[in-house]
Amino acid sequence: MRGATAVDTLATADAMQPKSSDAARITRPDLGLAARRELDELARQSLLREPRTLGAAGPRAEIEGRECLILASNDYLGLSTHSAVVTAAADAAGRYGAGAGASRLVTGNLPIHEELEAEIAALKGTEAAIVFSSGYAANLGLIPALLARGDVAVCDKLNHASLIDACRLSGARLRVYGHGDTTRLESILRAEASAGRLVVVTDGVFSMDGDVAPLPDVLTIAQAYGAWVVVDDAHGTGTLGRTGVGTVEHFGLDAAAFINMGTLSKAFGSQGGFVTGSTELIALLRNRARSFVYSTGLAPASAAAALAAIRLAREQPEIRQRLWRNVRLLRQKITPAGLLPVSTDSQITSLVIGGVEQALAFADELLRAGVFAPAIRPPTVPRGTSRVRISVTAAHTREDVEEAAAAICEAAESIKS
Ligand code: PMP
């Protein structure tokens, strides 16, 4: 978008298309049939997904008529069902309505948006913040506002899909380095030194492996080549660092050195995404991030829930400590199963099983034991690394964690035999 004359409707583009009188005679393929063929092919590869129906939110819920332990949620601090968070959401809906009404550039801010953005900036230690309707929307707005054709986005191979989509959408050239391979990162930056803008883009915590990006090295290298660094800290926010600020705090780095993105839908138990940074960056995003400009503002209930959750997490560090106690207990108790987590850097415990069928069998076995943890398959993870992703939260009790660990050990035995 940068430098171009902004055209925000397709009216002009349409007028330039050749008009063909043949168009009416072209027979369109049957959409239902085309979709069915694609779905059948997914099913053949055991890659068809159909979400389960859960009877409630929280650490336990009914699935197919039976109460199960839920180890499938990113509600790491268990705040989505915390009474103060739920009450804040209900109060905000009563006061401001169920929806924000329009894009905030059209209908204006609600006080709750401004309060939330101030709280996020204070949490992250930056001058300003902007909230979007989801983390996905935040990335889709952020990257194309920074980069355009002629620029280069340098991505870790395991970056989240929303970052990859955002980089593609920007029109910048996409260069990829091996996961955590900072030597390769440096050689790419050296080769691209004459590009327009250079941005290194990385997850803080990688969502499917649970490991943490080598941010200190990434930053040093990026600075040496004049590149900015975007960190997607969807999974580090609220959980990592001495006070739960996230991956940047975990490494004791300066918040101002990064463009930090995060989500309100994981540790903060609500919905929405954000970007933090300088006053100028945030003002630019208010004007240039198309997923902010052209999308209805975050729902008041979601904003209020997120605000209440951030405050709770800051005021009550024992919630985060409970999460970590549960994570440590789970890992200790599943040691006999011989399934080593890909990483123990973060709260995510990812157990690689291997083939798609085996991972599905493992997850089915868990569900039979009343424990719901999802099998993660390609394309979310590389072929041959299908896994079960275990997420205990601060809302689980010690008994819940012990029950989960016992089920995991039994499932591991059953897929061996
Ligand atoms: N970034 C990462 C690393 C994520 O894991 C996710 C969600 N899975 C997102 C961004 C998108 O966030 P949201 O769910 O709020 O859209």
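This note goes through the predicted model point by point, from domains to single residues.

1. Domain layout. The assignment splits the chain into two domains. Domain 1 is made of two segments, 52-80 and 317-416. Domain 2 covers 82-315. Taken over C-alpha atoms, the centres of domain 1 and domain 2 are 26 Å apart.

2. Domain contact. On the domain 1 side, 24 residues take part, and they meet 21 residues of domain 2. Two elements, α14 (317-334) and β10 (349-354), each supply two or more residues to the domain 1 side. Of these, α14 contributes the most, with four residues. By class, the domain 1 side has 11 nonpolar, nine polar and four charged residues.

3. The α3 and α13 pair. Helix α3 spans residues 83-96, and helix α13 spans residues 300-315. Their axes come within 7 Å and cross at roughly 145°. The crossing is right-handed. From α3, the contact uses A84, V85, A88, A89, D91, A92, A93 and Y96. From α13, the partners are P300, A301, A303, A304, A305, L307, A308, A309 and L312. The class count for this contact is 16 nonpolar, no polar and one charged. D91 is listed on the α3 side, and Asp is counted as charged, so D91 is the one charged residue here.

4. Ligand surroundings. There are 14 residues around the ligand. S134, G135, H160, A234 and T263 come nearest. Helix α6 (residues 135-146) gives the largest share of the shell, three residues. The shell divides into two nonpolar, 10 polar and two charged residues.

5. Helix α9. This helix runs over residues 215-224. Its buried residues are L215, V218, L219, I221 and A222. What do the buried residues of α9 pack against? The partners are two helices, α8 (182-191) and α10 (247-250), and two strands, β6 (198-203) and β7 (228-232). After α9 comes G226, with a positive phi near 70°.

6. A cis peptide. Most peptide bonds are trans. The bond from P378 to P379 is cis, and its omega is near 10°. P379 sits in the loop between β12 (375-376) and β13 (386-390). This is a spot to look at in the displayed model.

7. Positive phi at S46. Most residues other than glycine have a negative phi. S46 has a positive phi, near 60°, and is not a glycine. The residue belongs to the loop between α2 (31-44) and β1 (60-63). Is S46 buried or exposed? S46 counts as partly exposed, because 15 C-beta neighbours lie inside 10 Å.

8. Positive phi at E64. E64 is not a glycine, yet its phi is positive, about 45°. E64 is in the loop between β1 and β2 (66-70). How many other C-beta atoms lie within 10 Å of E64? There are 10, so E64 is exposed.

9. Points to keep in view. The contact of α3 with α13 has no polar residues, whereas the shell around the ligand has 10. Loops hold P379, S46 and E64. The peptide bond before P379 is cis, while S46 and E64 have positive phi values.

Methods:
Residues are numbered from 1 along each chain as its sequence is written. This is a predicted model: local features need pLDDT of at least 70, side-chain atom pairs count only at pLDDT 80 or more; totals for chains, interfaces and linings use all residues. Domain bounds come from an automatic or database domain assignment. Two residues are in contact if their C-beta atoms, placed from the backbone, lie within 7 Å. Axes are lines fitted to C-alpha atoms, for helices over the stretch in contact, and angles run from 0 to 180 degrees between N-to-C directions. A crossing is left-handed if the near helix is turned anticlockwise from the far one by less than a right angle, and right-handed if clockwise. A residue is near a molecule or strand if its C-beta atom, placed from the backbone, lies within 6 Å of it. A residue is buried if 20 or more other C-beta atoms lie within 10 Å of its own, exposed if 12 or fewer, and partly exposed in between; C-beta atoms are placed from the backbone.
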